[in-house]
Amino acid sequence: MTRSAGLRRLGVLVGALMLGASAFVGCSSARAGLGTTDESCYLALPTASKAVGGHGHFAGVRKYTVGGLKGMTAQLYDAITDQVGTHQAVCLAAYTGTFMSDMVTKPLGQSTGKLAVVVVTSPGNKVLGTLILSKIPVRFQHTLPF
């Protein structure tokens, strides 16, 4: 083998290794995002879990503005608008189980129910209220495309 053929092979090998390494780094780099608009609300989950006293099973989380809650649940909207503005982002964390008003932080709604929805500010993680309901007003689960 001639020296120029050896250098070409070495150049091809180095190029292939660099291409492979860059593909590996691109595919395996850490990602903070979950690919949902609700991802910042996952930071509110410890606060929400504490608000329901660790009772129930986590059903999901959604992010809204306070103003967006008006058409969905006027009772919740009315209860929290005196605490924050209508443009404030809030996270709704839902828990299923059996809940009573004396079991949760800042109870709203029914005195007992099978669902507790904790409203937490985003950012800030301040509990605005825990709505106790008998049925879920919004879809909390994310569907996966696979």
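**A disulfide, a sheet and two cores**

With -80 degrees about the S-S bond, the link of Cys41 and Cys91 is left-handed. Its two sulfur atoms sit 2.0 Å apart. Cys41 lies in the loop between α1 (3-28) and α2, and Cys91 lies in strand β2, so the pair ties together parts that are 50 residues apart in sequence. Both ends are out of view: Cys41 is buried, and so is Cys91. The structure holds one disulfide. All of this comes from a predicted model.

Now step back to the whole chain. The protein has 146 residues, and buried ones make up 32% of them. Three helices and five strands are present. From the N terminus on, the elements run α-α-β-α-β-β-β-β. Among contacts between residues at least 6 apart in sequence, 56% join residues at least 24 apart. The accessible surface comes to about 8900 Å². Carbon and sulfur atoms account for 62% of that surface.

Next, the sheet. Strands of a sheet pair through backbone hydrogen bonds, either parallel or antiparallel. Here five strands form an open sheet with mixed pairing. Their order is β1-β2-β4-β5-β3. The edge strands are β1 (57-65) and β3 (107-109), and each pairs on one side only. On average, neighbouring strands are turned by 30 degrees against each other, direction ignored. Look at the β3 edge. Three bridges join β3 to β5 (residues 127-133), and these two strands run parallel. Gly109 stands opposite Ile132 in β5.

What fills the interior? In soluble globular proteins, nonpolar side chains tend to be buried together. The largest nonpolar core of this model has 17 residues. Within this core, Val52, Tyr95, Phe99 and Val118 touch the most other members. At least two core residues come from each of α2 (45-51), β2 (89-100), β4 (112-121) and β5. Strand β2 gives the largest share, four residues. Apart from this core lies another, of 16 residues. Among the members of that other core are Tyr77, Ile80, Val84 and Val90.

Tyr95 deserves a closer look. Leave aside its neighbours within four places in sequence. Tyr95 is then in contact with Leu45, Ala48, Ser49, Val52, His55, His57, Phe58 and Ala59, among others. The list also includes Lys114, Leu115, Ala116 and Val118. Val52 and Val118 appear again here: like Tyr95, they are among the residues that touch the most other members of the largest core.

Finally, turn to Val120, found in strand β4. Is Val120 buried or exposed? At 1% relative accessibility, Val120 counts as buried, because the cut-off for buried is under 20%. Its contacts, again without neighbours within four places in sequence, include Ala44, Thr47 and Ala48. Ala89, Val90 and Cys91 are also in contact with Val120. So are Asn125, Lys126 and Val127. Two earlier threads meet in this list. Val90 is a member of the core of 16 residues, and Cys91 is one end of the disulfide. Ala48 is in contact with Val120 and is also in contact with Tyr95. One distance completes the picture. Val120 and Thr130 are ten residues apart in sequence and 9.0 Å apart in space, C-alpha to C-alpha.

Conventions
Residues numbered from 1 in each chain as written. Predicted model: local features only at pLDDT ≥ 70, side-chain atom pairs only at ≥ 80, totals over all residues. Heavy atoms only, no water. Pairing = 2+ DSSP bridges. Axes fitted to C-alpha atoms, helices over the stretch in contact; angles between N-to-C directions. Core = buried A, V, L, I, M, F, W, Y, C linked by side-chain atoms within 4.5 Å. Buried < 20%, exposed > 50% of the residue type's maximum accessible area, 1.4 Å probe, protein only. Contact = heavy atoms within 4.5 Å. Disulfide = S-S within 2.5 Å. Areas by Shrake-Rupley, 256 points an atom, 1.4 Å probe, with all protein chains shown as cover.
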